[in-house]
Amino acid sequence: MDPLRIALKRVSLEWAIIDTGGSAPLAIPSDFLVRAIQQLRTAMLPIERLSLALVPVEQGCNGIQYWWCLEEPDTIRSFLRMAEFFDGQDHRTSILHHVCSTEYPKRVRLMQLSVDEVEFPLLAELHRDRFSDYLAYPLPLHGSHRVVITIATRSRDGFRASQLRGLYRLVNPLAQVLKATRHFGRGDWQSKDPLTGLISRHRFEEQLEIAFRRLEQTPLPLSLLLLDLDGFGDYNSVFGHFCADDALLAVSRLLTGRFASRTGVLARIGSDAFGLLLPGVHDSQLQMMAKELGQAVRDLRIAHPLASGPFLGCSIGLATTSTLAGPIKDEASGLMLRAEQALAEARAMKGHQTCEA
């Protein structure tokens, strides 16, 4: 039997279990992508690039992209796209927004075009990398995010019509599987960062309010440390998303290792920004901690030729309080604002700087 037909039969059976009330075997979108890759490889489709992008429908909503690395077929890479990235209609997502807005698949036979004829910059990059055929396929989901599956091949003849028909039959039922994961609500993105495993900014701000409630009972210092990687946008542009992911993971592991024994709260609060809430830490301790942390980030020796030094560094903003003078929500947002202003001052000083509000 044709391998594509076998794959279709297998995946149809699995999805039938879900449709009839069985428990979904997938917990998160990356689990789904692993399954999809397995089925597509079984079907012998000539795929050399595959990704799953979760594109926010509303402004102010974060998104995620999952990538399959051909050299590591069982490894899924993911990176968080902050709301500003999507709201800015960055050229790397324009093809995704195009298929989401039209709600139709878009196929580009790159082999038949010159570079000047390619509509989207991302596709121009694929053209230069000798990809011959590209397909972006949106799934008809409802809610805060749309899902786009993209595939590309370097096969001389591109995708055959029979292969694409089989692909459509594979991906059409995926919306039901993805809905079963319950991973598309706006709240899910706000609770945990899928790349580093740290809590997100939304959850961090909730923890900050909880810390202020405790301050009502026990008047101890409450310190906030915000860390932002210097020149990370340039690093991402030069080395690409995979290296950027690895750098973020290295920093998150450093922070987790250094503060695992403390009662603080650690979060990824932005694309390359981290927050650390430290109850009971006095101002002098916080200054020393920030100095040691800045050096530790540089000691990771993550090469960054466009930075002010040879290695990736960071800027740090600090703020401390020991009193509760107003409503908890206002006090929490005020402390965060002070730390953010201090971080902005440190960043303006161009590298490896710490400022305190």
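This is a guided tour of one predicted model, with a suggestion at each stop of what to select next.

**The whole chain**

Begin with the whole chain coloured by pLDDT, whose mean is 76, with 68% of the residues reaching 70 or more. Two stretches deserve caution before anything else is read from the model. Over residues 11–27 the pLDDT stays under 50, and the model has 23 contacts there beyond four places in sequence. Over residues 181–187 the pLDDT is likewise below 50, and this stretch has 23 contacts in the model beyond near neighbours in sequence.

Switching to a cartoon view, you will find twelve helices and eleven strands in the chain. Of the 357 residues, 49% are buried, and among contacts between residues at least 6 apart in sequence, 66% join residues at least 24 apart.

**Strand β6 and its partners**

Select residues 145–153, which form strand β6. Nine of its nine residues are buried, so the strand is largely enclosed by the rest of the structure. In a regular strand the side chains alternate between the two faces of the sheet. With side chains displayed, H145, V147, I149, I151 and T153 point one way from β6, while R146, V148, T150 and A152 point the other way, and all of them are buried.

Now add residues 49–56, strand β1, which pairs with β6 in the antiparallel sense over eight bridges; within this pairing, L50 stands opposite I151. Add also residues 133–139, strand β5, which is joined to β6 by seven bridges and runs antiparallel to it.

At the end of β5, centre the view on L139, which stands opposite V147 in β6. L139 counts as buried, at 0% relative accessibility. To see how the fold brings distant parts of the sequence together at this point, measure from L139 to P105: the two are 34 residues apart along the chain, and their C-alpha atoms are separated by 9.1 Å.

Which side chain makes a polar contact with the side chain of T153? Select T153 together with E48, whose side chain is the partner, at 3.4 Å. T153 is buried at 0% relative accessibility, and, leaving aside residues up to four places away in sequence, T153 touches P46, E48, F131, S132, D133, G158 and F159.

**Helix α4 and the cysteines**

Move to residues 94–102, helix α4, in which S94, I95, L96, H97, V99 and C100 are buried. Just after the helix, select E103 and inspect its backbone, which takes a positive phi of about 65 degrees.

C100 has a relative accessible area of 12% and is therefore counted as buried; C314, to be selected alongside, is also buried, at 2%. A disulfide is a covalent bond between the sulfur atoms of two cysteines. A search of the whole structure finds zero disulfides.

**The five-stranded sheet**

For the next stop, display the open sheet of five strands, which follow one another in the order β8-β9-β7-β10-β11 with mixed pairing. At its edges stand β8 (265–268) and β11 (354–356), each with a single partner strand, so one side of each is left without a neighbour in the sheet. Neighbouring strands are turned by 15 degrees against each other on average, direction ignored.

Zoom in on the β8 edge, where four bridges join β8 to the antiparallel strand β9 (residues 273–279); here the bridge partner of R268 is F274 in β9. Then bring in the helices that pack on the sheet. Helix α9 (residues 201–217) touches β7 (222–229), β8, β9 and β10 (314–321), and its direction makes about 15 degrees with that of β9. Helix α12 (residues 328–348) touches β7, β10 and β11, its direction making about 150 degrees with that of β10.

**Last stop: S223**

Finish at S223, in strand β7. Is S223 buried or exposed? At 0% relative accessibility, S223 counts as buried. Display the backbone of V281 as well, since the side chain of S223 reaches the backbone oxygen of V281 at 2.7 Å. Not counting residues up to four places away in sequence, S223 touches L276, L277, L278, V281, L286, A319 and T320, a set that can be selected as a group to show the surroundings of this serine.

Key. Residues are numbered from 1 along each chain as its sequence is written. This is a predicted model: local features need pLDDT of at least 70, side-chain atom pairs count only at pLDDT 80 or more; totals for chains, interfaces and linings use all residues. Side-chain values use heavy atoms; hydrogens and water are left out. pLDDT is the predictor's confidence in each residue, from 0 to 100. Contact means heavy atoms within 4.5 Å. Two strands pair if DSSP finds at least two bridges between them. Helices (H or I, at least four residues) and strands (E, at least two) are DSSP runs, numbered from the N terminus. Axes are lines fitted to C-alpha atoms, for helices over the stretch in contact, and angles run from 0 to 180 degrees between N-to-C directions. Buried means under 20% relative accessible area, exposed over 50%, partly exposed in between (1.4 Å probe, protein chains only). A disulfide is a pair of cysteine sulfur atoms within 2.5 Å. A polar contact is a pair of N or O atoms within 3.5 Å; within protein, one must be able to donate a hydrogen and the other to accept it, and residues adjacent in sequence count only if both atoms are side-chain atoms.
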